[in-house]
Amino acid sequence: VGMDVVRTNIEKIGGTIELTSTEGKGSRFTIKIPLTLAIVSALIVEAGGEKFAMPQLSVVELVRVSAKSEHRIETINGAPVLRLRDRILPLVSLRNLLRLKSANDDEPHHDQSEPHNGTAVLHGTSEHFIVVTKVGTYDFGIVVDRVFDTEEIVVKPVAPILRNISMFSGNTILGDGSVIM
């Protein structure tokens, strides 16, 4: 009783349920849930007034850049980079990449002279938060407006309408009820 409800909900998230039964020995239920439906540690950040979760496994370090800090943002061939100790890291602004509005603007925040690829020169406040990230063999910095905390989140599959956006691997619902990518 009630197994049809279980099967329906498992299939709704893209999983399967298998039943094998042996007379006199019992039944075995095998539930397969998609890997994207997993609990992961994620860093919660904000860009353009929207919150996002970044997998903690990809985060190397957090850097706060201001006029008084030892680290600074420079430009090489029109692209922003972070001079971090003995390295130069390419930077991408999450707000620019997603074409999100600035906190005090009505227009998406980007430099009109640059393509909408998130590499526009950073303007505005002199303080930036940079999430130094390692993906495969590549190290780069993601510029965000604000950094919150690390949370254990349940990653859910992206809705079919958003699956063609390769930037997002899933979404989650935070404790306050907000849905974030």
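Eight salt bridges, 8 by count, are found in the structure. The model is a predicted one.

One of the salt bridges joins the side chains of Glu74 and Arg83. The N to O distance is 2.9 Å. Glu74 counts as buried, at 17% relative accessibility. Arg83 counts as partly exposed, at 33%.

Asp145 forms a salt bridge with Arg95. The closest N and O atoms of this pair are 2.6 Å apart. Asp145 lies in the loop between strand E10 (138-144) and E11, and Arg95 lies in helix H2 (residues 94-97), so the bridge ties together parts that are 50 residues apart in sequence. Asp145 has a relative accessible area of 27% and is therefore partly exposed. Arg95 has a relative accessibility of 14% and counts as buried, because the limit for that class is under 20%.

A salt bridge is also formed by the side chains of Lys134 and Asp139, at 3.3 Å from N to O. Both ends are partly exposed: Lys134 at 39% relative accessibility, Asp139 at 25%. Lys134 and Asp139 belong to a network of salt bridges that also links Glu61, Arg85 and Arg87.

Two members of that network, Glu61 and Arg87, are also in contact with Val132. Val132 lies in strand E9 (residues 128-135). The relative accessible area of Val132 is 1%, so the residue is buried. Beyond residues up to four places away in sequence, Val132 touches Ser58, Val59, Val60, Glu61, Val63, Leu84, Arg87, Leu89, Phe140 and Gly141. Pro90 is 42 residues from Val132 in sequence. In space, the two C-alpha atoms are 9.8 Å apart.

Aromatic contacts were searched for over the whole structure, and 1 aromatic pair was found. The rings belong to Phe52 and Phe168. Their centres are 6.4 Å apart and their planes lie at 5°, so the pair is stacked. The limit for pairing is 6.5 Å between centres, and planes under 30 degrees apart count as stacked. The pair links distant parts of the chain. Phe52 is in strand E4 (residues 50-55), whereas Phe168 is in the loop between strand E11 (146-155) and strand E12 (172-173). The separation is 116 residues. Phe52 is buried, at a relative accessible area of 9%.

A charge also sits over an aromatic ring. The charged end of Lys51 is placed over the ring of Phe148. The distance from the ring centre is 4.6 Å.

On the surface, a nonpolar patch is formed by Met3, Val6, Leu19, Phe29, Ile31 and Ile33. Together these residues have about 530 Å² of accessible area. Helix H1 (3-12) and strand E2 (26-32) are the elements that give two or more residues to the patch. Phe29 is found in strand E2. At 44% relative accessibility, Phe29 counts as partly exposed, because the value falls between the 20% limit for buried and the 50% limit for exposed.

Technical notes:
Residues numbered from 1 in each chain as written. Predicted model: local features only at pLDDT ≥ 70, side-chain atom pairs only at ≥ 80, totals over all residues. Heavy atoms only, no water. Phe/Tyr/Trp six-rings, centres within 6.5 Å; stacked < 30°, edge-to-face > 60°. Helix = DSSP H or I, 4+ residues; strand = E, 2+ residues; numbered from the N terminus. Buried < 20%, exposed > 50% of the residue type's maximum accessible area, 1.4 Å probe, protein only. Lys NZ or Arg CZ within 6 Å of the ring centre and 35° of its normal. Patch = residues over 30% accessible without salt bridge, like charges linked within 9 Å, V, L, I, M, F, W, Y side chains within 5 Å. Areas by Shrake-Rupley, 256 points an atom, 1.4 Å probe, with all protein chains shown as cover. Salt bridge = Lys/Arg side-chain N within 4 Å of Asp/Glu carboxyl O. Contact = heavy atoms within 4.5 Å.
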